[in-house]
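The exercises below are meant to be worked with the sequence and the coordinates side by side. Try each task before reading its solution.

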Amino acid sequence: MKAVCWCGTGRLRVEEVPEPRIVNARDAIIKVTSTAICGSDLHLYDGFIPTMQRGDILGHEFMGEVVEVGPGVTSLSVGDRVVVPFPIACGNCLSCQDGLFSLCENSNPNAWMAEKLWGYSPAGIFGYSHLLGGYAGGQAQYVRVPFADVGPIKVPEGMTDEQALFLSDIFPTGYMAAENCEIRQGDTVAVWGCGPVGQFAIRSAFMLGAGRVIGIDRVPERLRMAEAGGAETLNFEEADVLEALKEMTGGRGPDGCIEAVGMEAHVHGVAGVYDRVKQSMMLETDRPQALRQAVQACCNGGHVSVAGVFGGVIDKFPFGSAMNRSLTIKTGQTHVQRYMRPLLERITSGQIDPSFVVTHRMSLDEAPGAYRMFRDKQDECIKVVLKPWE
Amino acid sequence: MVTQQQHGVVSEVTGLEEGGAELGSRMGVGVAPGERGEGRLAGMDVEQVARGLGWLSIGLGAMQVLAPRAMARLIGLSDGSGLVQLMGLREIGHGVAILAARDPAPGVMSRVGGDGLDLSLLGAAMVAGGDEVDHGRLAGAAAAVLGVTALDVACAQQLMSHRESAGEGRGAGAMLTGRKGKKSGALHVRSSVTINRPIGEVYDFWRNLENLPRFMAHLESVTVLDERRSHWVVGAPAVGRLEWEAEITEERPGELLSWRSVAGSDVDNAGVVRFRPGPDRGRGERATVVDVDIRYSPPGGALGRTVGWTAAKVFGEAPEQQVADDLRRLKQVLETGEVVSAESPRGRCIG
């Protein structure tokens, strides 16, 4: 089968690889019909995440058709059309039973690596380094899905792939980011980063009762998409974000501040060398500028919600601001399994059509170019959907 | 002593300095926690010291790479910033080797080598430098490097001897320990895990000893011979297959199970596993905490003398990690019904 393989920093190849097989009773094999490139895949592409190995298959946003199930999977049948959540979760451990699926205690066979880095291990994730399990991802023609009786949900007839696909990650991720702001009716929410997750955070904040949402970015087409979602916008290259937010909120600051940027440093020269060292130290080149700003901007007693991916440690975090002003900081990899069904409801009832975010549709063979285009924000690229069978 | 915090798994391992012959008599129920003091340096955990040295390497290396001229001036060289940058890159390499590796010992050993290189370069600069150098500053730099070298050597020795006693006794580690005349191979491992199943179920699973190979990776089989005795077969790549007979020395259903190998075994070992109620997190049904405490000692017989038995030859990787991984698999089997696998196809990136 064909698969998008990571062959080193900035080097992807679409290769012919062996097809996956059922290993455990609760596995299923999915024939992938649509898969997307996530902003967090760019961190892998750029070599920011440690423990990637040459030949690893990428991709954690995917959906498709069930072609084989293990004897332990009774909830799915061959032929079912399903969308698969990006964290792998057993459903049996204390964390899963608390609804904290991205903290599944059993799904990361390389938990010791994560324990070295973070103290304890979160769940395994498809196609996202050996630190997070070493599972092959879904940017391939087939993928093996462990605990298939817990994760995948069936897609209703009549719903297109592009409407359902983003239940795998970015719609629940944006939604959980908004939910973590504990929005009260009429609150003002600011969103740093108007990439795909930011776009869903904006729309989710409105769903949860926000009166105003302010999107912050510098890429014109992303700001336009935020406006289309009902947000006011700030271009951080043109405005002093802290001043502008203060003015826009009557001197109080936004009630909720969502960070949807993460570690996205593009630093050159001497500082770039230093960043390389930090990367090899598994510290990432976390550029927490948006996070610092979100803390500083938030109103007294407000909520800072971090959806962006961070890997290691950050410098100069304004913790005094957070402590003295009673801020609540909430974060986490998304507990996708918790949100899939309620958000599917919102799609079927017409409250949202997630396909708005798609700007490019390409074949799997075109993945290397698609990654480059997405990273460099060429051709007004916001979200790429890859079709493995076209 | 190394303590490892894991997700619901805590394990520690203690190297024992006592002779193996008398160890057997002290094994069994209620073994005391291992001696503290092993694996410590100047009152700090030796791995903490190693991490500190790793960060020192990163910081120093980064300064040398980013501000080579200032660093050259600091140590008394008027020129040589290119060399300082190279030394900086090397320094960063040591730090990465220490901090990113599962076992910091080789990284710290590499620092010792680097210290030697630094000292010889400083010496060469003093001899050849003439007016180009500030001899007072060079001497100060050399003194600083000597001090750090002493710490590096002490840390490396501690790590190596600890590694040996923990069963990783290969190469330099075995050499160092051998020189100190310690009895190698004796081993004490403790580990804990929390399992979201009722205590009776967890106990029963373990009590059926033939289940053990399902989660103990090195165990090929356990055959139950009668109520108390069982036959264990372990695959040990370095010395082939090892077998022994074990007998249950105490059992308290839902609470405790202990065993020991019988006289004449390939591997003298004894262990106790305790079961206690864990958190219920408001669900009404409590999870189970499993605490495992195992001691191994070298065989006293011909095998020990001829093949130089060490725990490493039986277990390969760090034994505390092995036991922690075994318990993680026990948790997987009991909670999910299977041993989790990430078996995946992968590309070859050729061409």
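A salt bridge is counted here when a side-chain nitrogen of Lys or Arg lies within 4 Å of a carboxyl oxygen of Asp or Glu. The model is a predicted one, in which local features need pLDDT of at least 70 and side-chain atom pairs count only at pLDDT 80 or more, while totals for chains, interfaces and linings use all residues. Residues are numbered from 1 along each chain as its sequence is written, chains are lettered from A in the order in which they are written, and side-chain values use heavy atoms, with hydrogens and water left out.

**Exercise 1.** Describe the interface of chain B and chain A, beginning with its salt bridges.

*Solution.* Step one is to apply the rule across the interface of chain B and chain A, where it finds four salt bridges. One of these pairs B:R346 with A:D56, and their closest N and O atoms are 2.8 Å apart.

Step two is to ask which parts of chain B take part: the elements giving two or more residues to the side that touches chain A are β1 (2-5), α2 (46-66), α4 (81-100) and α11 (319-336) of chain B, helices (H or I, at least four residues) and strands (E, at least two) being DSSP runs numbered from the N terminus. Of these elements, α11(B) gives the most, with six residues.

Step three is to sort that side of chain B by class, which gives 17 nonpolar, 15 polar and 10 charged residues; Ala, Val, Leu, Ile, Met, Phe, Trp, Tyr, Cys and Pro count as nonpolar, Asp, Glu, Lys and Arg as charged, and the others, Gly among them, as polar.

Step four is to set out the extent of the contact (heavy atoms within 4.5 Å), which takes 42 residues from chain B and 55 residues from chain A. The two chains bury about 4,000 Å² between them, 54% of it on carbon and sulfur atoms, where buried area is the accessible area (1.4 Å probe) that two parts lose on being put together, summed over both.

**Exercise 2.** Which residues of helix α10 of chain A are buried, and what covers them?

*Solution.* Buried means under 20% relative accessible area, exposed over 50%, and partly exposed in between (1.4 Å probe, protein chains only). By this cut-off, A:A290, A:L291, A:Q293, A:A294, A:V295 and A:A297 are buried in α10 (residues 289-297). Their cover includes the strands β11 (188-192), β14 (256-259) and β15 (303-306), together with the helices α8 (241-248) and α11 (319-324), of chain A.

**Exercise 3.** Is A:S321 buried or exposed, and which residues does A:S321 touch?

*Solution.* First, place the residue: A:S321 lies in helix α11 of chain A. Next, with a relative accessibility of 14%, A:S321 counts as buried. Leaving out residues up to four places away in sequence, A:S321 touches A:V295, A:Q296 and A:L327. Finally, the side chains of A:S321 and A:R325 make a polar contact (3.2 Å); a polar contact is a pair of N or O atoms within 3.5 Å, of which, within protein, one must be able to donate a hydrogen and the other to accept it, and residues adjacent in sequence count only if both atoms are side-chain atoms.

**Exercise 4.** Where does A:D187 lie, and which residues does A:D187 touch?

*Solution.* A:D187 is found in the loop between α5 (170-179) and β11 of chain A. Its relative accessible area is 8%, and A:D187 is therefore buried. Residues up to four places away in sequence aside, A:D187 touches A:E182, A:G209, A:A210, A:G211, A:R212 and A:D255.
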